[in-house]
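User: I would like to go through this model and ask, for each label, what it rests on. Please set the values against the cut-offs as you answer.

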Amino acid sequence: MGIKLYYTTVTASREVKSQQAEIMRILESKSIQFELIDISVGGDVRDEMRTKSGNPTAVPPQIFNEDQYCGNYEMFAEAVEADTVEQFLKMA
C-alpha cells in the first residue's frame, strides 16, 4: 500500500482529531486507498514517524507515500485547496 497516514487514537486535542478525520474523509472521497498507522501503540512507531519526516517534534497527522514524506495537515490542506492532492501524495 502506498499512502500511509500516521495518526493517533489517543489525544485530548480536538484539533488533531479533526485534522485526522478530515484527511481520511478527503482521501476516501477521492477513492485513494491508504494505510493507517497508529503512533499510540508505542514510542518506536512515533519515533519512526518523526525520523522519516525529518522533524524530531512532528505530531500526527503525518502523510507518507511508502517511505517518502509528503507532509503534515497544513500542507495537505493547501494541496486540497489548490486541487493538487495527487501531486502532494507523489502519485502523479
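Analyst: This is a predicted model, and strand 3 is a suitable place to begin. In strand 3 (residues 62-65), Gln62 and Phe64 point one way while Ile63 and Asn65 point the other way, and all are buried.

User: What makes strand 1 and strand 3 a pair, and in which sense do they run?

Analyst: Two strands count as paired if at least two bridges are found between them. Strand 1 and strand 3 have 4 bridges and run in the antiparallel sense, so they meet that requirement. Within this pair, Lys4 stands opposite Phe64.

User: How do you know that strand 3 also pairs with strand 4?

Analyst: The criterion of at least two bridges applies here as well, and 4 bridges join strand 3 to strand 4 (residues 68-72), the two running antiparallel. Gln62 stands opposite Asn72 in strand 4. Strand 3 and strand 4 form a hairpin with 2 residues between them, and Glu66 in the turn has a positive phi of about 55 degrees.

User: Why is the contact between Glu66 and Lys4 called a salt bridge?

Analyst: The cut-off is a side-chain nitrogen of Lys or Arg within 4 Å of a carboxyl oxygen of Asp or Glu. For Glu66 and Lys4 the closest N and O atoms are 4.0 Å apart, so the pair is counted as a salt bridge. Glu66 lies in the loop between strand 3 and strand 4 and Lys4 lies in strand 1, so this salt bridge ties together parts that are 62 residues apart in sequence.

User: Which of these two residues is called buried, and which partly exposed?

Analyst: Buried means under 20% relative accessible area, and partly exposed covers the range from there up to 50%. Lys4, at 14%, therefore counts as buried, whereas Glu66, at 38%, counts as partly exposed.

User: What makes Glu48 and Lys52 a salt bridge, and how are they placed in helix 2?

Analyst: Their closest N and O atoms are 3.7 Å apart, which is within the 4 Å limit. Glu48 and Lys52 are 4 residues apart in helix 2 (residues 43-53), and so are separated by about one helical turn. Both are partly exposed, Glu48 at 37% and Lys52 at 23%. Together with Asp67, Glu48 and Lys52 are linked in a network of salt bridges.

User: Which residues have the most contacts inside the largest nonpolar core?

Analyst: That core has 17 residues, and those with the most contacts inside it are Leu27, Ile63, Phe76 and Leu89. Helix 1 gives the most to this core, with 4 residues.

Definitions and conventions
Residues numbered from 1 in each chain as written. Predicted model: local features only at pLDDT ≥ 70, side-chain atom pairs only at ≥ 80, totals over all residues. Heavy atoms only, no water. Core = buried A, V, L, I, M, F, W, Y, C linked by side-chain atoms within 4.5 Å. Buried < 20%, exposed > 50% of the residue type's maximum accessible area, 1.4 Å probe, protein only.
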